[in-house]
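Here is a short set of questions and answers on how some labels are assigned. Please look at the structure first.

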Amino acid sequence: MSHGEPQGNAPSGKLVVRNIGLVLSGAIENPILDADTVVAEGGRITAIGRAKDVDTEGAATVIDANGATLAPGLIDSHVHPVAGDWTPRQSQLNWIDSSLHGGVTTMISAGEVHTPGRPKDVTGLKAMAIFAQRAFDAFRPSGVKVHAGAPVIEPGLVEDDFKEMAAAGVRWLGEVGLGAIKDGPSARQMVAWARKYGMNSTIHTGGPSIPGSGLIDKDIVLEADTDIVGHINGGHTALPDGQIRCICEGCKRGLELVHNGNERAALYTLRVAREMGDLNRIILGTDGPAGSGVQPLGILRMVSLLSSLGEVPAEVAFCFATGNTARLRALDCGLIEVGRAADFVLMDKAQHSAGKDLLESVQLGDLPGVGMTIIDGLVRSHRSRNTPPATRLPQIV
Ligand SMILES: [Zn+2]
């Protein structure tokens with residue numbers, strides 16, 4: 001696909017993906033489906049099963065997966081977009097297209113905080129949130145769904161401001177703590193207003209980062225009560241282990257692990273969540289673009305890190321980047337389920353990986369090779385230019 005083209009959002013005709021070697025559902029309670037065929041129509045999944053049992057007649061597009069694995073398109077729960085497929089953070093173009101080549105089909109903004117001269121007054125921040133929501137809704141870089149328009153709360157916001165933004169289509173709250181609101185009680189009040197009007201929220205957990213955050217410790221995180229504990233493994237500086245445990249045990253909110261964070265703290269959080277029987281709360285982000293660059297393979301690298309060093313089955317680790325996020329963020333993608341968006345990534349074990357199949361290769365710490373991405377039932381990219389080459393590649397018949 002060419003870079004940055006405003007790919008059509010029009011529903012596709014009937015799509016059949018057949019000869020799938022393994023279907024990963026994204027649902028942590030049942031991560032592997034007994035199926036080799038997935039059918040979509042109008043951009044939605046209509047059937048999942050064995051070829052002999054599903055209606056594959058009249059397809060506009062048939063894809064032979066050639067034994068590769070199909071999973072829900074990956075979701076990056078934490079990005080900082082600015083405008084189109086450009087970021088000023090490292091002066092890069094096409095970082096979103098590059099992430100598509102890492103299997104990411106949906107991104108959620110944690111605030112458009114890298115916008116040069118970003119307004120911090122109430123009128124300005126509301127206008128910027130509505131602008132970002134509109135712009136990324138109308139222009140999807142390479143077809144990727146970028147959920148943007150995530151205001152960062154500042155002093156002076158009142159309940160009516162949240163009502164007004166929500167009515168205008170703003171459905172996210174950027175990282176609490178990146179603005180001048182850094183105390184528990186004020187954050188809690190504004191997060192509650194946002195929730196009342198249907199907005200999903202996140203918070204900057206840990207030590208300060210360049211865009212203006214302060215230290216946000218366990219007390220502020222628990223008091224603010226955002227839907228997601230944003231980068232609980234630090235962005236980049238993590239809280240002490242004792243505080244991470246307090247947060248895990250002190251709430252039932254989403255626990256977000258990011259690539260641009262402390263990897264040891266990510267593995268610690270994973271262990272605590274597993275002890276608690278709460279792996280359904282783990283979700284993944286990159287927190288890119290950032291000081292350490294943009295990470296087109298960041299979500300795949302987190303899946304591989306957590307599976308290999310965190311000793312989680314690979315099929316479960318993929319749920320952290322798909323179904324868990326979809327459920328905690330109220331998205332219509334992320335699960336291979338009838339009625340969900342037909343957003344897929346097709347991948348296989350990398351050539352010459354020591355693992356015998358995709359799942360074992362990831363558990364051994366390798367990255368999979370991405371062979372194709374599909375969004376709303378439309379093929380958006382073919383063999384990845386970023387992952388190691390896949391052993392088997394899907395083909396349009
Ligand atoms: Zn942050």
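Helices are DSSP runs of H or I with at least four residues, strands are runs of E with at least two, and both are numbered from the N terminus. The model is predicted: local features need pLDDT of at least 70, side-chain atom pairs count only at pLDDT 80 or more, and totals for chains, interfaces and linings use all residues. Residues are numbered from 1 along each chain as its sequence is written.

Q: What phi does G169 take just after α3?
A: G169 takes a positive phi of about 105°.

Q: Which residues of α3 are called buried?
A: A residue is buried if 20 or more other C-beta atoms, placed from the backbone, lie within 10 Å of its own, exposed if 12 or fewer, and partly exposed in between. In α3 (residues 159–167), D161, F162 and M165 are buried.

Q: Why are these buried residues said to be on the same side of α3?
A: The arc is that of the directions from the helix axis to the C-beta atoms. Their arc is only 95°, which puts them on the same side of α3. D160 and A167, on the other side, are exposed.

Q: What do the buried residues of α3 pack against?
A: Contact requires C-beta atoms, placed from the backbone, within 7 Å. The buried residues pack against α2 (122–138) and α4 (184–196).

Q: Where do the bounds of domain 1 and domain 2 come from?
A: They come from an automatic or database domain assignment, which gives domain 1 (15–72 + 335–396) and domain 2 (74–296). The contact takes 14 residues from domain 1 and 14 residues from domain 2.

Key: Two residues are in contact if their C-beta atoms, placed from the backbone, lie within 7 Å.
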